[in-house]
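Got your viewer open? Load the model, switch on a cartoon view with side chains at hand, and follow along stop by stop.

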Amino acid sequence: MKEIRLKLMLYLYNSSSKVYANIFKWNKKPWGISKADFMNYPIGSIGHNLGLFYKSKGFDVMPKLENHDVFHILTETGTEIQDEIAMQFLLLGNGKISLYLIAMLLIGGTLFPEHFGYYKRHFQKGRSLQSFHRLEFKEILHWQLTEIQVALYSKNIQINLNS
């Protein structure tokens, strides 16, 4: 039964992500950066870590959804289906609300109720972080990943994208 739930959720996730990008991100431009280009960013930077993420996972860059992959490396959230659902709970805790997010929460939470505690911890983690879901990370790919992570986890450090 678990295998059927997994196949269904993977099908829904994989088929919906491109539709989501085209419909809900219609006004957003793809970054136009290849997997190889990310590896040219300074070691330790968000960009370089994103390149390592793509390389280690065997993923391709999904145009208009690049920020989502940055969310994974910033929050150290995995990429298994339960992790993708947990990411949506984390984003909800961080203040993001969208039709896609709500659908993922309802469907994923219903199909995988055994991970409820994991989802709850991610929701709480999202609440504890500074708001980051609206940041456009393309402009700060050269920033050190650890520095922005420290800022996200601190209530005393303001994230200033003007520098």
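Before the first stop, one yardstick: the expected span of a helix is 1.5 Å times one less than its number of residues. Keep in mind, too, that what you are looking at is a predicted model.

**Stop 1: helix α7**

Select residues 116-128, which make up α7. With 13 residues at 1.5 Å a residue, α7 should span 18 Å, and its end C-alpha atoms are indeed 18 Å apart, so the two agree. Now show the side chains. Which residues of α7 are buried? They are Tyr119, His122 and Gly126. Look down the axis of α7 and you'll see why they belong together: the buried residues fall within an arc of 60°, so they line one face of the helix. The spacing fits the general picture: an α-helix has 3.6 residues a turn, so residues three or four places apart point the same way. Turn to the other side of α7 and pick out Arg121 and Arg127, which are exposed. As for what the buried residues pack against, bring up α5 and α6.

**Stop 2: helix α6**

Since α6 is already on screen, select residues 99-111. The same check works here: 13 residues at 1.5 Å a residue should span 18 Å, and the end C-alpha atoms of α6 are 18 Å apart, which agrees. Colour Tyr100, Leu101, Met104, Leu105, Gly108 and Leu111, the buried residues of α6. Seen down the axis, these buried residues of α6 fall within an arc of 150°, so they line one face of the helix. The face turned away from that buried side carries exposed residues: Leu99, Leu106 and Thr110.

**Stop 3: the loop after α7**

Go to Gln130, in the loop between α7 and α8. Is Gln130 buried or exposed? Its relative accessibility is 13%, so Gln130 counts as buried; the cut-off for buried is under 20%. Follow the side chain of Gln130 to the backbone oxygen of Ser154, which it reaches at 2.7 Å.

**Stop 4: helix α4**

Next, select residues 66-75 for α4. How many of the 10 residues of α4 are buried? The count is 10 of 10, so to speak a mostly covered helix. Among them are Glu66, Asp69, His72 and Thr75. Step just past the end of α4 to Glu76, which takes a positive phi of about 55°.

**Stop 5: aromatic pairs**

Time to show rings. A pair of aromatic rings is described by the distance of the centres and the angle of the planes. The structure holds nine such pairs. Take Phe38 and Tyr54: their ring centres are 5.6 Å apart and their planes are at 45°, so this pair is tilted. Phe38 sits in helix α2 (residues 35-38) and Tyr54 in helix α3 (residues 46-57), so the pair ties together parts 16 residues apart in sequence. Phe38 has 0% relative accessibility and counts as buried, and Tyr54, also at 0%, counts as buried.

Now hop to Phe71 and Phe132, an edge-to-face pair with 5.2 Å centre to centre and 80° between the planes. Phe71 lies in α4 and Phe132 in the loop between α7 and α8, so this pair ties together parts 61 residues apart in sequence. Both Phe71 and Phe132 are buried.

To finish with rings, select Trp31, Phe38, Tyr41, Phe53, Tyr54 and Phe59: ring pairs link them into a cluster.

**Stop 6: the nonpolar core**

Zoom out a little. The largest nonpolar core has 39 residues, and those with the most contacts inside it are Trp31, Ile46, Leu50, Leu74, Phe132, Phe137 and Ile148. Helices α1 (2-24), α3, α4, α5 (81-93), α6 and α8 each supply at least two residues of this core. Which helix gives the most to the core? That is α5, with seven residues.

Pick two of its residues for a closer look. Leu74 touches Phe132, Phe137, Leu145, Ile148, Gln149 and Leu152, leaving out residues up to four places away in sequence. Ile46 lies in helix α3 and, at 0% relative accessibility, counts as buried. Beyond its neighbours within four places in sequence, Ile46 is in contact with Val70, Ile73, Ile140, Leu141, Trp143, Leu145 and Ile148.

For a last distance, draw a line from Ile46 back to His122: C-alpha to C-alpha, these residues are 21 Å apart in space and 76 residues apart in sequence.

Definitions and conventions. Residues are numbered from 1 along each chain as its sequence is written. This is a predicted model: local features need pLDDT of at least 70, side-chain atom pairs count only at pLDDT 80 or more; totals for chains, interfaces and linings use all residues. Side-chain values use heavy atoms; hydrogens and water are left out. Rings of Phe, Tyr and Trp (its six-membered ring) pair if their centres lie within 6.5 Å; planes under 30 degrees apart count as stacked, over 60 as edge-to-face and the rest as tilted. Helices (H or I, at least four residues) and strands (E, at least two) are DSSP runs, numbered from the N terminus. Buried means under 20% relative accessible area, exposed over 50%, partly exposed in between (1.4 Å probe, protein chains only). The arc is that of the directions from the helix axis to the C-beta atoms. A nonpolar core is a set of buried Ala, Val, Leu, Ile, Met, Phe, Trp, Tyr and Cys residues joined through side-chain atoms within 4.5 Å. Contact means heavy atoms within 4.5 Å. A polar contact is a pair of N or O atoms within 3.5 Å; within protein, one must be able to donate a hydrogen and the other to accept it, and residues adjacent in sequence count only if both atoms are side-chain atoms.
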